[in-house]
Protein chains: 2
Amino acid sequence: MSQARIAIEKMKQSGMRVTKQRRALVAYLDKSGRFVPVTQLDRYMRSQYPGLSHDTIYRNVKAFEQLGILESDVENEQAIVKLQCDFQHPHHHHFICTNCHRVQEVKMCPLEYFEDQLPGAKIASHNFELYGLCAECAQKLGR
Amino acid sequence: MSQARIAIEKMKQSGMRVTKQRRALVAYLDKSGRFVPVTQLDRYMRSQYPGLSHDTIYRNVKAFEQLGILESDVENEQAIVKLQCDFQHPHHHHFICTNCHRVQEVKMCPLEYFEDQLPGAKIASHNFELYGLCAECAQKLGR
DNA sequence: CGTTTTAATCGGACTGATTACGATTTAATT
DNA sequence: AATTAAATCGTAATCAGTCCGATTAAAACG
């Protein structure tokens, strides 16, 4: 089942209405498959669907995020988004290729390692990304 | 030697001019000691030094970052900055208390752990922060 | 189906952070 | 003290993101 399908499913389950604007947004994000700057999403969607408003795009990006069907991040001071890649394991981390912007999941190393360094502290959340060249790009670029 | 002193020293060494605006910025960041939203830095400095322009503040934040005397991050979609806390070990990571916003350094767990998960990829950089309550706040708030 | 309800969209104006730039000042050098 | 190039100022512009009242259209229901 495609991620787009799952995303639409989740929208229905939550009582959120499935509008054609939302279908189009999800379809684009699904097709892209990787992180996309929100500004690019906005520009592209508005070029494809004249009359579509900024409001609709930004409002839905937030709604999708809260629903858990979209992940957002920041790269080079730019907000970037992608469809949630693993609905089974919402908590995971990414290796982001700086060449092709494709995303691979990685498992986090044990948090206990850090807890030992911060006696008494209550770690509530964390934030982790790896950047570099994916195997394919590394080979292609000969590095 | 204070961090402000070291920062000024680095400015001189790099050939960057030490203006009173830059001294004031560094002094404020040093006194604060923790991450501060850039917008707050801008508002505060302009209230203390009438005539100071946005341009000067934002330009210098970038210059300081490039010089390696300032670290920037993003929290709640807000750009935040602080003086570099460990000039000896520029590569380190932070635990940021969500209550008092104080920062503690942590050692990174071995990157090899992740390299094993991404055969062929060239990891170039990473990004890691921990959030939660520091020991002091955890006790104070009884959690 | 049609009707109804109300969430979602539209459009356009607005806000707030950040940048651009020509004119002016000033830190550092001699 | 004079020089000069870097830094600052002031103002305007840009750009991402938000707000809001009027309109449209999903979904539910008879």
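**Two chains, a DNA strand and some aromatic rings**

A:Tyr44 is partly exposed, with a relative accessible area of 31%. Keep that ring in mind while we walk through this predicted model, because A:Tyr44 has a partner: its ring centre sits 4.6 Å from that of A:Tyr28, and with the planes at 20° the pair counts as stacked. The cut-off for stacking is an angle under 30 degrees. A:Tyr28 belongs to helix 2 (residues 20–32) of chain A and A:Tyr44 to helix 3 (residues 38–48) of chain A, so the stack ties together parts that are 16 residues apart in sequence. The partner, A:Tyr28, is buried, at 12% relative accessibility.

That stack is one of six aromatic pairs over all chains. Another one is in chain B, where B:Tyr113 and B:Phe114 meet edge-to-face, 5.2 Å centre to centre and with 80° between the planes. B:Tyr113 is partly exposed at a relative accessible area of 31%, whereas B:Phe114 is buried at 0%. Both residues also belong to an aromatic cluster that draws on the two chains: A:Phe114, A:Phe128, B:Tyr113, B:Phe114 and B:Phe128.

So how do the two chains relate? In general, two copies of a chain are related by a rotation about an axis and a shift along it. Here, a turn of 179° and a shift of 0.0 Å along the axis lay chain B on chain A, with an RMSD of 0.2 Å. That is the relation of a two-fold axis. One member of the aromatic cluster turns up again here: B:Phe128 has the C-alpha nearest the axis in chain B, 2.2 Å from it. The two copies use the same surface, too, as 97% of the contact residues of chain B recur in chain A.

Now for the DNA. Strand D is surrounded by 21 residues, and the closest come from both chains: A:Asp55, A:Lys62, B:Gln21, B:Gly51 and B:Arg59. Sorted by class, this surface has eight charged, eight polar and five nonpolar residues. What part of the strand do they meet? Of the strand D atoms within 4 Å of the protein, 68% belong to sugar or phosphate, and the rest to bases.

A few phosphate contacts are worth a look. A polar backbone atom of B:Gly51 is 2.6 Å from a phosphate oxygen of strand D. With B:Arg22, a polar side-chain atom lies 3.1 Å from a phosphate oxygen, and with B:Asn60 the side-chain distance is 3.2 Å. As for secondary structure, the elements giving two or more residues to this surface are helix 4 (54–67) of chain A, plus helix 2 (20–32) and helix 4 (54–67) of chain B.

Key. Residues are numbered from 1 along each chain as its sequence is written. Chains are lettered from A and ligands numbered from 1 in the order in which they are written. This is a predicted model: local features need pLDDT of at least 70, side-chain atom pairs count only at pLDDT 80 or more; totals for chains, interfaces and linings use all residues. Side-chain values use heavy atoms; hydrogens and water are left out. Copies are superposed by least squares on the C-alpha atoms of residues with pLDDT of at least 70 in both. Contact means heavy atoms within 4.5 Å. A residue is near a molecule or strand if one of its heavy atoms lies within 4 Å of it. A polar contact is a pair of N or O atoms within 3.5 Å; within protein, one must be able to donate a hydrogen and the other to accept it, and residues adjacent in sequence count only if both atoms are side-chain atoms. Helices (H or I, at least four residues) and strands (E, at least two) are DSSP runs, numbered from the N terminus. Ala, Val, Leu, Ile, Met, Phe, Trp, Tyr, Cys and Pro count as nonpolar, Asp, Glu, Lys and Arg as charged, and the others, Gly among them, as polar. Rings of Phe, Tyr and Trp (its six-membered ring) pair if their centres lie within 6.5 Å; planes under 30 degrees apart count as stacked, over 60 as edge-to-face and the rest as tilted. Buried means under 20% relative accessible area, exposed over 50%, partly exposed in between (1.4 Å probe, protein chains only).
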